[in-house]
Amino acid sequence: MPKLFFNGDRLEFVPVHRHLGLLFSESLSWTNYIDSVVNSAFKKLGLLKKLKFRVGRKNLSKLYITFIRPMLEYASIVWDGCSKQDAEKLEKVQLTAARIVTGLPIFVSREALYYETGWETLKTRRYVAKMTNMFKIHTGGVPEYLLNIVPKKREHVSSYNTRNKEDYIIPRCRLQLFRNSFIPDAVKQWN
């Protein structure tokens with residue numbers, strides 16, 4: 001390991017580091033963070049389950065949307081490139097909440113639960129959040145430091161109004177890990 005210094009102090013390497021509520025691992029995997037979120041969310045779902053017969057369905061839904069779902073979506077545009085297994089763990093939390101809210105049994109399909117509650121999947125909500133942020137970047141509604149990390153728009157060389165004149169250059173990605181991160185993935189989906 002190289003010796004790194006910051007303001008004269010030697011930095012130590014740690015397997016996991018918490019920063020702004022996110023857990024960054026040395027392997028650049030989001031599994032530690034998502035596991036901690038899932039564990040915390042399931043504890044709160046236990047409280048929701050206790051309230052199941054005391055409050056109505058509408059109030060149970062509001063409690064989930066207000067107190068539990070924000071935990072599952074915190075900084076989601078940063079960690080949206082997580083593995084499918086990690087994303088499925090989060091979706092399982094929401095499906096459990098949907099079963100508590102609706103009172104439907106475990107064998108009911110996901111589609112039926114989402115139809116009954118009127119909720120979107122967490123994957124869809126992360127996509128919307130990512131594209132909303134990309135729109136803000138596109139229109140200049142973000143701080144300058146964010147504008148500087150997004151690749152520039154393609155040069156429009158044709159005199160015709162073409163469909164992809166507003167496309168951004170997708171950064172070169174050698175690793176799948178980088179390809180799944182916010183900037184390359186958001187630019188690809190935006191284009």
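These are my notebook entries on the pockets, the nonpolar cores and one helix of this predicted model.

**Largest pocket**

I started with the open space. The largest pocket holds about 520 Å³. I counted 18 residues in its lining, and D80, K84, A87, K123 and R126 are the ones nearest the centre. Next I looked up which helices build that lining. Helix 4 (84–102), helix 5 (110–117), helix 6 (122–139) and helix 9 (182–190) each put in at least two residues. Then I sorted the lining by class and got nine charged residues, five polar and four nonpolar.

**Second largest pocket**

I moved on to the second largest pocket, with about 360 Å³ of space. Its lining has 16 residues, and L28, S29, W30, G81 and L177 sit closest to the centre. Two elements give two or more residues here, strand 4 (22–25) and helix 8 (176–179). Strand 4 gives the most, three residues. By class I noted eight nonpolar residues, seven polar and one charged.

**Nonpolar cores**

What makes up the largest nonpolar core? I found 30 residues in it, and Y33, I34, L72, W79 and L90 have the most contacts inside. Strand 4, helix 1 (31–50), helix 2 (57–73), helix 4 and helix 5 each give this core two or more residues. Helix 4 has the largest share, with eight.

I then picked W79 and listed what it touches, leaving out residues up to four places away in sequence. Its partners are L22, W30, Y33, I34, L72, E73, Y74, L90 and R126. In that list, I recognised Y33, I34, L72 and L90 from the high-contact residues of the core, W30 from the centre of the second largest pocket, and R126 from the centre of the largest pocket.

There is also a second, separate core of ten residues, and M131, V142, V150 and A186 are among them.

**Helix 6**

I came back to helix 6 since R126 kept turning up. This helix has 18 residues and spans 26 Å from first C-alpha to last, close to the 26 Å expected at 1.5 Å a residue. Which of its residues are buried? I get L122, R126, K130, M131, M134 and I137. So R126 and K130, both charged by class, are buried in this helix. M131, from the second core, is on the buried list too.

I also checked what lies over those buried residues. The cover includes helix 2, helix 3 (76–79), helix 4, helix 7 (144–149) and helix 9. Last item: G140, just after helix 6, has a positive phi of about 80 degrees.

Technical notes. Residues are numbered from 1 along each chain as its sequence is written. This is a predicted model: local features need pLDDT of at least 70, side-chain atom pairs count only at pLDDT 80 or more; totals for chains, interfaces and linings use all residues. Side-chain values use heavy atoms; hydrogens and water are left out. On a 1 Å grid over the protein atoms alone, a cavity is a set of points where a 1.4 Å probe fits but cannot get out, and a pocket is an open set with protein on both sides within 12 Å along at least five of seven lines; lining residues have an atom within 4 Å of a point. Grid points are joined across faces, edges and corners, and a volume is the space filled by probe spheres set on the points. Helices (H or I, at least four residues) and strands (E, at least two) are DSSP runs, numbered from the N terminus. A nonpolar core is a set of buried Ala, Val, Leu, Ile, Met, Phe, Trp, Tyr and Cys residues joined through side-chain atoms within 4.5 Å. Buried means under 20% relative accessible area, exposed over 50%, partly exposed in between (1.4 Å probe, protein chains only). Contact means heavy atoms within 4.5 Å. The expected span of a helix is 1.5 Å times one less than its number of residues.
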